[in-house]
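Dear colleague,

I am handing over the structure below, and after it I set out what was found when its charged side chains were examined. Please read the notes with the structure open beside you.

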Amino acid sequence: MGGSHSNSSSKDVEEGRVRQNPQKIYGLSRLMTAKAEHNQTVAVKGWDKHDENMKNTQLLKGLYKTLDPTMMKVTQDVKGEIQLSFKYDFKRSLLLVKVIKCRDLRMRDLRTKMPDPYVRMILMPDEEDMEAKKTGVVRGDNEPRFDEIFAFRLDELELMSLKMIVDVLDDDITGQDDNLGQVIIDLNSFNFKESSTHTAWYMLARETDFTVAGDLEITLAFQLPNSLWVTVHRASNLPPRSDGKPADVFVKINIPGTKKFFQTHVKKQTLDPEWEESFEFEVAKEEFGMRQVIFHAIDEDKESGNESLGQVVINLADFDPDRGLYRSEKLADLRSTKCLRSKWAQHSVMQEFRQSLLAHAQSKTPKILYGPHRGQTVVSVSCRKAGACGKIRMVEGIPIK
């Protein structure tokens with residue numbers, strides 16, 4: 001009886017922990033839903049080897065994206081567009097925004113389930129503390145039509161300094177709404193006196209992290225014939241982790257289009273790390289007009305995955321090699337900018353990632369991914385050259401975050 005009482009108490013304690021942990025509840029809910037949908041699909045149309053291989057290739061693709069140092073924790077592609085129309089009412093000082101429709105939004109998950117999209121709009125900087133404007137939710141549609149109009153009370157001068165953040169979100173009954181993509185629009189880009197209405201399609205990009213803060217102090221110096229010396233001095237005023245603890249910080253440095261990729265040492269438990277580390281890149285003066293130096297501050301976390309702390313980009317077209325450069329730059333989340341995405345895509349490490357992913361998919365390796373999935377499995381992979389690692393936890397073949 002004593003043993004039975006002990007098991008019952010342990011079970012009660014465990015159930016209590018689950019009730020107090022919303023993330024665990026959400027994970028269990030996702031697992032049960034995924035299992036039910038998978039079983040229903042198999043019952044209706046069967047599940048052949050091709051379907052299984054496609055599913056496992058998607059798992060491999062997600063695993064590689066956790067490795068990519070430019071992606072960080074992003075595990076799904078952003079795709080699709082949103083059509084918006086802007087009009088300014090000068091008499092009433094109202095900015096009118098019509099959310100028309102979206103097209104080609106990404107599916108919800110690996111089982112190609114349609115999303116339940118809605119659109120949210122906020123202004124930045126929001127000095128008036130306005131509430132976000134939201135459309136209704138369109139259920140089960142990756143090309144939803146909204147046709148809703150929203151009014152923002154703004155004077156003409158405010159139009160010159162404000163940005164509109166437009167997020168397309170996937171409604172989730174658990175409250176963990178996924179971001180399907182984001183558009184950031186400078187309101188000063190519109191000339192409402194020349195044209196009263198501006199309607200356009202906007203390409204969705206990854207969500208920008210506006211909580212990024214802090215400064216990075218750097219030096220650039222050029223030495224003939226083609227040596228560009230980059231020094232990372234220190235960072236300051238970095239934000240703490242979500243649990244309040246200081247970060248373990250290092251900085252990656254690269255010049256897209258060149259072969260070298262450097263990173264500083266990791267500075268443990270600090271929000272004001274100092275490095276004083278220098279790195280040499282081979283760049284000819286004649287190439288400065290087409291080159292950038294990209295600094296990426298990263299919080300190393302071997303348990304849950306590295307976290308981006310922001311980037312700094314120095315255009316060498318503006319660099320005077322005779323005078324050099326010594327500067328403290330604000331860190332910002334620049335991963336979704338068109339310029340940065342195109343530059344990073346040229347980097348040899350990224351090309352190697354793609355080639356390696358293709359080779360693994362064709363040879364169906366690692367076998368643990370392409371074999372039968374039973375129970376709980378953790379698949380991890382690391383890339384020494386990229387200085388990154390990633391992992392996926394699966395329960396009965398279903399990836400769980």
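Arg-234 has a relative accessible area of 25% and therefore counts as partly exposed, in what is, please keep in mind, a predicted model. The side chain of Arg-234 forms a salt bridge with Glu-274, and the closest N and O atoms of this pair are 3.9 Å apart. Because Arg-234 belongs to strand E10 (residues 227-236) and Glu-274 to strand E13 (residues 274-282), the bridge ties together parts of the chain that are 40 residues apart in sequence. Glu-274 is likewise partly exposed, at 47% relative accessibility.

This pair belongs to a wider set, since a search of the whole structure finds 19 salt bridges. Some of them share partners, and in this way Arg-241, Asp-248, Lys-268, Asp-299 and Glu-300 are joined into one network.

Another of the bridges pairs Asp-167 with Arg-120, whose side chains meet at 3.2 Å, taken from N to O. Asp-167 lies in strand E6 (residues 163-170) and Arg-120 in strand E3 (residues 117-124), so that this pair connects parts 47 residues apart in sequence. Is each partner buried or partly exposed? Asp-167, at 2% relative accessibility, counts as buried, because the limit for that word is a value under 20%, whereas Arg-120, with a relative accessible area of 24%, is partly exposed.

What else surrounds Asp-167, once its neighbours within four places in sequence are left aside? The residues in contact with Asp-167 are then Tyr-118, Val-119, Arg-120, Asn-179, Gly-181, Gln-182 and Glu-207. With one of these, Gln-182, Asp-167 also makes a polar contact from side chain to side chain, at 2.7 Å.

Strand E6 takes part in a further salt bridge, in which Lys-163 is the partner of Asp-186. Here the closest N and O atoms are 2.5 Å apart, and the pair links distant parts of the chain, with Asp-186 in strand E7 (residues 178-186) and Lys-163 in strand E6, 23 residues apart. Both partners are partly exposed, Asp-186 at 32% relative accessibility and Lys-163 at 35%.

If you would like a place to begin, you might look at Asp-167 in strand E6, where the salt bridge to Arg-120 and the polar contact with Gln-182 can be viewed together.

With kind regards

How values were computed: Residues numbered from 1 in each chain as written. Predicted model: local features only at pLDDT ≥ 70, side-chain atom pairs only at ≥ 80, totals over all residues. Heavy atoms only, no water. Salt bridge = Lys/Arg side-chain N within 4 Å of Asp/Glu carboxyl O. Helix = DSSP H or I, 4+ residues; strand = E, 2+ residues; numbered from the N terminus. Buried < 20%, exposed > 50% of the residue type's maximum accessible area, 1.4 Å probe, protein only. Polar contact = N/O pair within 3.5 Å; in protein donor to acceptor, adjacent residues only side chain to side chain. Contact = heavy atoms within 4.5 Å.
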